[in-house]
Amino acid sequence: MRVLSALLSHFVLVATAAVAAAAAASQRAGLVNTNLIRTVDLRALPAVTEQVGVVVQNEHSSKAQKSYVVVVPAAKRDHLARITVRERKSGAELGVTRLADERDAADDQLFQVSLRQDLQPGEKVSLNIDF
């Protein structure tokens, strides 16, 4: 019975921390991926290219968003030759900045994409991300 009680207490503590972290993250972020399409091009083997089409919506109630963060998984980051991001509608290439890499080699790599115009609350933008 003690083991069950200890497990239940641990579960409640972990669940409470997870809910608090999720709530804090959603208040900070504001940007939500509403649609994703991933295309893998194998025509130029051994160089494999990947394109991710994403529709991003600003769900923050009052704050305009100026940038979007792209996450490159740790398994792919050492094999990444280039990353480009274009606005789907205009075809304009957006600025991409690699964020500081102070973490372990097992961590994902983050890139910040500067949007051409501030994304106002409720607005959406479609992006093509090429790896």
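## Exercises on strands, core and pockets

L115 has a relative accessible area of 13% and is therefore buried (buried means under 20% relative accessible area, exposed over 50%, and partly exposed in between, with a 1.4 Å probe and protein chains only). The model is predicted, so local features need pLDDT of at least 70 and side-chain atom pairs count only at pLDDT 80 or more, whereas totals for chains, interfaces and linings use all residues. Residues are numbered from 1 along each chain as its sequence is written, and side-chain values use heavy atoms, with hydrogens and water left out.

**Exercise 1. Describe the order of helices and strands in the protein chain, and the share of its residues that is buried.**

Step 1. The protein chain contains 2 helices and 7 strands (DSSP runs numbered from the N terminus: helices are H or I of at least four residues, strands are E of at least two).

Step 2. Along the sequence, these elements follow the pattern α-β-β-β-α-β-β-β-β.

Step 3. Of the 131 residues in the protein chain, 24% are buried.

Step 4. Among contacts between residues at least 6 apart in sequence, 67% join residues at least 24 apart (contact means heavy atoms within 4.5 Å).

**Exercise 2. Place L115 in its element and list its contacts beyond its neighbours in sequence.**

Step 1. L115 belongs to strand 6.

Step 2. Leaving aside neighbours within four places in sequence, L115 is in contact with Q65, K66, S67, Y68 and L94.

Step 3. From L115 to E93, the C-alpha to C-alpha distance is 9.6 Å, for a separation of 22 residues in sequence.

**Exercise 3. Determine which residues of the largest nonpolar core touch the most other members, and which elements supply this core.**

Step 1. The largest nonpolar core has 17 residues (such a core is a set of buried Ala, Val, Leu, Ile, Met, Phe, Trp, Tyr and Cys residues joined through side-chain atoms within 4.5 Å). V56, Y68, V70, I83, L127, I129 and F131 touch the most other members.

Step 2. Two or more residues of this core come from each of strand 2, strand 3, strand 6 and strand 7. Strand 6 provides the largest share, 4 residues.

Step 3. The contacts of L127, excluding neighbours within four places in sequence, are V52, G53, V54, V56, Y68, V85, R86, E87, R88 and L94.

**Exercise 4. Compare N128, T84 and R43: which count as buried and which as exposed?**

Step 1. N128, in strand 7, counts as buried because its relative accessibility is 18%. Not counting residues up to four places away in sequence, N128 touches Q51, V52, G53, T84, V85, R86 and R88.

Step 2. The side chains of N128 and R88 are joined by a polar contact of 3.3 Å (a pair of N or O atoms within 3.5 Å; within protein, one must be able to donate a hydrogen and the other to accept it, and residues adjacent in sequence count only if both atoms are side-chain atoms).

Step 3. T84 is part of strand 4 (residues 84-87) and is buried, with a relative accessible area of 17%. Apart from neighbours within four places in sequence, T84 is in contact with E93, N128, I129 and D130.

Step 4. R43 lies in the loop between strand 1 and strand 2 and counts as exposed because its relative accessibility is 76%. The side chain of R43 makes a polar contact of 2.9 Å with the side chain of D41.

Step 5. P46 also lies in the loop between strand 1 and strand 2; the peptide bond from L45 to P46 is cis, with omega near 10 degrees.

**Exercise 5. Characterise the lining of the largest pocket and of the second largest pocket by residue class.**

Step 1. The largest pocket holds about 500 Å³ of space. On a 1 Å grid over the protein atoms alone, a pocket is an open set of points where a 1.4 Å probe fits, with protein on both sides within 12 Å along at least five of seven lines; lining residues have an atom within 4 Å of a point. Grid points are joined across faces, edges and corners, and a volume is the space filled by probe spheres set on the points.

Step 2. Of the 21 residues lining the largest pocket, E50, V72, K76, L80 and F131 lie nearest its centre. Strand 1 (31-41), strand 2 (49-58) and strand 3 (65-72) each give two or more residues to this lining, and strand 3 gives the largest share, 5 residues.

Step 3. The lining of the largest pocket has 15 nonpolar, 3 polar and 3 charged residues (Ala, Val, Leu, Ile, Met, Phe, Trp, Tyr, Cys and Pro count as nonpolar, Asp, Glu, Lys and Arg as charged, and the others, Gly among them, as polar).

Step 4. The second largest pocket holds about 220 Å³ of space, and its lining residues include L115, E87 and K124. Strand 6 gives the most to this lining, 5 residues.

Step 5. The lining of the second largest pocket divides into 3 nonpolar, 2 polar and 6 charged residues.
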